[in-house]
Amino acid sequence: MKFTIKRTVFLKSLADVQLAISSKTTIPILTGIKLEANDEGLKLVGSDGDISIETTISSTDEAAELVIESTGAIVLQPARFFSDIVKKLPDDTFTLEVLDRFQTAITSSSSAFTINGLDANNYPRLPEIDSQEAFKLPVRLFKQVIKQTVIAVSSHESRPILTGVNLTINENQLKAVATDSHRLSQRIIPLETDQGKQYNIVIPGKSLQELSRILDDQLDDFEMFITDNQVLFKTTNTFFYSRLLEGNYPDTSRLIPENSATQITLDATTFLGAVTRASLLSHEGKNNVVKLTVKDNSVEISGNSPEVGKVQEQVAFNSIKGEPLELSFNPDYMKDALNTFGPAEITLHLISPLRPFVLVPSEDNREFIQLITPIRTA
Amino acid sequence: MRISILSPTLANQIAAGEVIERPASVVKELVENAIDAKSTHITVIVEEAGLNKIEVRDNGEGIPSAEVARAFERHATSKIHSDEDLFRIRSLGFRGEALPSIASVSHMTIETAVEGSNGKKMVLIGGEVVEDISSSSRKGTRVVVENIFFNTPARLKYLKTLQTELAHITDIVNRLALAHPTISFHLIHDGNHLIKTPGNGETRQAIAGIYGVDAGKKMRTIQNTNLNFSVAGFVSLPELTRASKRYITLIVNGRYINNFLLRNAVVKGYGSKLMVGRYPVAVVKIDMDPLLLDVNVHPTKQEIRISDEKELARLVEEAVSKAISPTRRIPNALENITSGQSQHNKNTYHQENIRFIENNELTDQNKLNYFKENRKDELDTTVDESKASILVNKNNEEDHQKQDTSLSEQGELTKRSEKIHDNENTLAIVDRLMENKAKKTDGEKPFPRLDYIGQMHGTYLIAQNEEGLFFIDQHAAQERIKYEYYRSTIAEEGTVLQELLTPIVLDYPVNDALVIKEYKVTLEEAGIFLEDFGQNSFLMRAHPSWFKHGQEEDTVKEMIDFLLEKQELSLAKFKEATAIMMSCKRSIKANHYLSDLEARALLEELKQTKNPYNCPHGRPVIVHFSTIDMEKMFKRIQDPH
């Protein structure tokens, strides 16, 4: 295998693929990056077993100035070390050639490296997805869905299914739900095409986070393919594979309350400010708890950590409907949830001090919901 | 100033200050006398931790009635006769100090008789004889010490609580019992039987009598000799440990001693198999020509001088390591659970949980993973290879299995039998089995082949084989793999030197400087080149390149301090610490999902390591539920109660 390529173009693809490569793995070859030169172009592959990213630099891409002299494949490891070398090379272009016994020569201008590679045949093969059923998804909207739901994903492997985001596709809508059993995020978006098929899958939260980093905002849309245990997100040049979590996602549809006793509308950013200030104190105390007191015409956030001190703040609001109420919650959950709304007016729907409460945009048609469980005090 | 000779009583009281520190010292001296008198049964009865009364009864030779009075004179002893004897001491006592010292600070009654003649009873208060009559002629000696320290109130005040004093007494009786398995010891405190050893010459049974039957079963024999020394005894499996080195009993020519170097040698013999801060239970008996030994260092004789101590330490270390390495060290999961159950703090704050309505559909078992399927072939080949290697050992293993089961049956039996007497047979069987086992396996029992089942909580891997169920801590496992890797790569690091612009000046006191000069070559091997710079100073112009930047001076000083203290270089230790740190940092953590392929790769790699059983910090990597354990848990086999 021998090729010459423009460094900046190569590094861009390399950075994408590196997102999938972890330095901590039990399969040593996965710390490396696989390079494969074929008739179509140069393929870069990285994987940590969960996520695999494959990106191709096409021979026809003029900006890449790619010249393939001979085809073949090699694994270079660790990937970080290889990318550092390429970053520091002196010339605009560099040449990579595989010599005997997987020795790989990297030359650029007057600089020459020879590093030890591994046989690409030992690299795990990527899943084969032959599904023809693709969903077309808008990039920016889907990235928003990820941002809004992934916060509620559980970080504990004790209930593996909750470490993912549940996607249900039904007729022409896609519903994303995540919960760590203390809070829940749900977002529904319309789909352009109706496949006439139903899907219910759980994608690891971490995979979605990485996907969100790799999706280019410049693109309009991308495709999603689903198989029994893998999902593939495909843009023009890049394939992003993720495993799916096995098992059944709990039924969350009945968790979202229909009615509420108290409704408060306020500005998300203002409320976020107040909760963040109160959390400064609660983080120092033993219990991370903040109290919300709703009266006829006041909304108050307060915290009391006997070891540290007290905080109290009147929160500006737009309207209050319903009964006075007092409830306590974990300010971190509230902060995460408020962050997903951006600068918008939201409505808090409260039922009782011990029942979960929801946050929705005031312009709501129930497409986006954040649900948080309160903390029982005393 | 007038100079006068002290009265014998006063002289004895002064000697008592050294010999008789606390009630336990009295027990030690009296029991040692009983041992020297060739007794086979020694009974120690104490009241109020010995403050009220200490009674030692034996069936030894006794003292002829005409000579009893003489025993209370200072420097009167039956144990040595000429100055040559002092260098060939086989007995425990020899100074002729104990009896008069004890008598001088207490009320003492002694009753003794030799075989075939009338006995004698003598009562002394503060060393003065107040009664002297003949008595019955039971062979042996009975000494009763009451009101100890009655005339030295300062010493009495200095005593600790009753528990502490009793602990000291039990400790000394334990040690003596371990040193003399042919003697049956019996310790009774306020009517409670605390210790009883069978006295049939089996050290393992003495250990069982003292540390419990379970401990007795977990002991392995050690054995090693060279021209000067012979080492024998018992050390515990790495899974049986204590928090202090006190459970290492060293016995030299039948005498319980304290020796830092030899205790450390026992610990060193375990290598990295012990957890940090944990020490084994061990009884190490060393026999040597008394000429190589000077016991006349301290009146209590616990400190001794041994010629060629280092040689002996090496011998001990080797013996321990030989006994420990051939055992397979996967601890039994049930025994590894400590009884201390964690108590959750009751919090008045309670985070509400979402109550899920669980889906009822069953998971579709037929869903096949492309990712898995594609790689299946590769996996199979590796499994086949390991199968082949297992087959070779199969016959051997089957034998072991039979023994293992019979062993645990024996274990059950011993647990139920309360009396030590009953244990004698079973323990003897255990002993024989151990021996058989040792003969059959030359090397270490291979790490078992494991079939991966799944992962729990992103932290533990579950695997099975025909011997039962295994749990593996994934972080610990990879830590071990990485540790062995880094240790070997770090060890390869050459002594490349970094030149310094301004040399480091090291000042040491004269005696240290001399030692440093003596070990100059050793230091140079480690890449530390010191130039003489004035009388007690050295210059270092370059340092090994692996020194951390900014810590050069500290590192070299630390290494030299280690050299001064231990007379050996800490290079290996330094590198080991670095390897442990790197391995921990670069390993997958808990709460981390592993795919099937990754988990299998991890188990396969673990198998290749030299010590797959412990992480570098000494915690277990793998625990085992035997098939029998599982069957018992589900009451498939009934406990025969």
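Which residues form one aromatic cluster with A:Phe3? In this predicted model, the other members are A:Phe10, A:Phe82 and A:Phe94. A:Phe3 also takes part in strand pairing, with A:Leu96 of β7(A) as its bridge partner. That contact belongs to an antiparallel arrangement in which five bridges join β1 (residues 2-6) of chain A to β7 (residues 93-98) of chain A.

On to the next strand along: β7(A) pairs with β8 (residues 103-108) of chain A, again in the antiparallel sense, over four bridges. Here A:Leu96 turns up once more, this time with A:Ile106 as its bridge partner in β8(A). The two strands make a hairpin with four residues between them, and A:Arg101 in the turn has a positive phi of about 45°.

Back to the rings. Over all chains, the count comes to 16 aromatic pairs. One of them is B:Phe471 with B:Phe625, an edge-to-face pair at 5.6 Å centre to centre and 70° between the planes. This pair ties together distant parts of the chain, since B:Phe471 sits in β21 (residues 468-473) of chain B and B:Phe625 in β25 (residues 622-626) of chain B, 154 residues apart. B:Phe625 counts as buried because its relative accessibility is 15%, which is under the 20% cut-off.

Charges over rings show up too. A:Arg243 lies over the face of B:Tyr593, 3.1 Å from the ring centre. Within chain B, the charged end of B:Arg246 sits over the ring of B:Tyr247, at 5.5 Å from its centre.

As for the surface, B:Leu6, B:Leu10 and B:Ile14 form a nonpolar patch with about 270 Å² of accessible area together. B:Leu6 is found in the segment before α1 (8-19) of chain B, and its 44% relative accessibility makes it partly exposed.

Notes: Residues numbered from 1 in each chain as written. Chains lettered and ligands numbered in written order. Predicted model: local features only at pLDDT ≥ 70, side-chain atom pairs only at ≥ 80, totals over all residues. Heavy atoms only, no water. Patch = residues over 30% accessible without salt bridge, like charges linked within 9 Å, V, L, I, M, F, W, Y side chains within 5 Å. Areas by Shrake-Rupley, 256 points an atom, 1.4 Å probe, with all protein chains shown as cover. Salt bridge = Lys/Arg side-chain N within 4 Å of Asp/Glu carboxyl O. Buried < 20%, exposed > 50% of the residue type's maximum accessible area, 1.4 Å probe, protein only. Pairing = 2+ DSSP bridges. Phe/Tyr/Trp six-rings, centres within 6.5 Å; stacked < 30°, edge-to-face > 60°. Lys NZ or Arg CZ within 6 Å of the ring centre and 35° of its normal.
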